[in-house]
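Could you walk me through this structure, one selection at a time? I have it open in my viewer and would like to know what to click next.

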Amino acid sequence: DKPDAIAWIIKHYPSMSDAQIAKLIGTTKNTIQAVRGKTHWNSGNIKPRDPVLLGLCTQTHLDAATASLKPAAGQEASA
């Protein structure tokens, strides 16, 4: 589930740093870099899914982490 959550964050908030993602969902920077670079061992099966719905973080924590970030082009930040 964590690679799916990483992919979702990268898609919606590409400017979020690896350190912020790692802290938010509890994963390693190596995993984040593998998902970003599409070199993750399971890349073909990764589907972007909301980390809140996956139970990896709370909406409050996600909102706090993304408050100062701009959403990806064409995306609205959740309110």
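Start by selecting K38, which sits in the loop between α3 and α4. Keep in mind as you look around that this is a predicted model. Is K38 buried or exposed? With a relative accessibility of 67%, K38 counts as exposed, because the cut-off for that label is over 50%. Now check the backbone here: K38 has a positive phi of about 55°, although it is not a glycine. That deserves a second look, because most residues other than glycine have a negative phi. Along the chain, K38 comes just after α3.

**Step back to the whole chain**

Show everything as a cartoon for a moment. How many helices and strands are there? You should find four helices and zero strands, so the pattern along the sequence reads α-α-α-α. The chain has 79 residues, and 39% of them count as buried. Now think about who touches whom: among the contacts with a separation of 6 or more, 63% are between residues 24 or more positions apart.

**Helix α3**

Next, select residues 29-36, which make up helix α3. Which residues of α3 are buried? They are I32, A34 and V35. Turn the view until you look down the axis of α3: the buried residues fall within an arc of 160°, so they line one face of the helix. To see what they pack against, add α1 (2-12) and α2 (18-25) to your selection.

**D18, a residue of α2**

Stay with α2 and click on D18, which is found in this helix. D18 counts as buried because its relative accessibility is 18%, and the cut-off for buried is under 20%. Which residues does D18 touch, leaving out those up to four places away in sequence? The list is K29, I32, Q33 and R36. One of these, I32, you have already met among the buried residues of α3.

**Helix α1**

Now colour α1. Nine of its eleven residues are buried, so α1 is largely enclosed by the rest of the structure. The buried ones are P3, D4, A5, I6, A7, W8, I9, I10 and H12. Show the other helices again and you can find the partners: the buried residues of α1 pack against α2, α3 and α4.

While you are here, display the rings of W8 and Y13. A search of the whole structure finds one aromatic pair, and W8 and Y13 form it. A pair like this is described by the distance of the centres and the angle of the planes. For W8 and Y13 the values are 6.5 Å centre to centre and 55° between the planes, and the pair is tilted. Both partners are buried: W8 has a relative accessible area of 15%, and Y13 has a relative accessibility of 6%.

**The largest pocket**

Switch on a surface and look for the largest pocket, with a volume of about 170 Å³. Which residues line it? Select A7, I10, K11, A34, V35, R36, K38, H40, S43, I46 and P48. K38, your starting point, is one of them. The elements that give two or more residues to this lining are α1 and α3. By type, the lining divides into six nonpolar, two polar and three charged residues.

**L56, back in the loop**

Return to the loop between α3 and α4 and pick L56. L56 is partly exposed, with a relative accessible area of 23%. Try a distance label from L56 to L24: these residues are 32 apart along the chain, and their C-alpha atoms are separated by 8.0 Å. Not counting residues up to four places away in sequence, L56 touches D1, K2, A5, L24, I25 and P51.

**Last stop: helix α4**

Finally, select residues 59-66, helix α4. The buried residues here are L62, A65 and T66. They cover an arc of only 90° around the axis, which puts them on the same side of α4. Rotate to the face turned away from that buried side and you will see the exposed residues T60 and A64. What covers the buried side? The cover over the buried residues of α4 includes α1 and α2.

Key. Residues are numbered from 1 along each chain as its sequence is written. This is a predicted model: local features need pLDDT of at least 70, side-chain atom pairs count only at pLDDT 80 or more; totals for chains, interfaces and linings use all residues. Side-chain values use heavy atoms; hydrogens and water are left out. Buried means under 20% relative accessible area, exposed over 50%, partly exposed in between (1.4 Å probe, protein chains only). The arc is that of the directions from the helix axis to the C-beta atoms. Contact means heavy atoms within 4.5 Å. On a 1 Å grid over the protein atoms alone, a cavity is a set of points where a 1.4 Å probe fits but cannot get out, and a pocket is an open set with protein on both sides within 12 Å along at least five of seven lines; lining residues have an atom within 4 Å of a point. Grid points are joined across faces, edges and corners, and a volume is the space filled by probe spheres set on the points. Ala, Val, Leu, Ile, Met, Phe, Trp, Tyr, Cys and Pro count as nonpolar, Asp, Glu, Lys and Arg as charged, and the others, Gly among them, as polar. Rings of Phe, Tyr and Trp (its six-membered ring) pair if their centres lie within 6.5 Å; planes under 30 degrees apart count as stacked, over 60 as edge-to-face and the rest as tilted.
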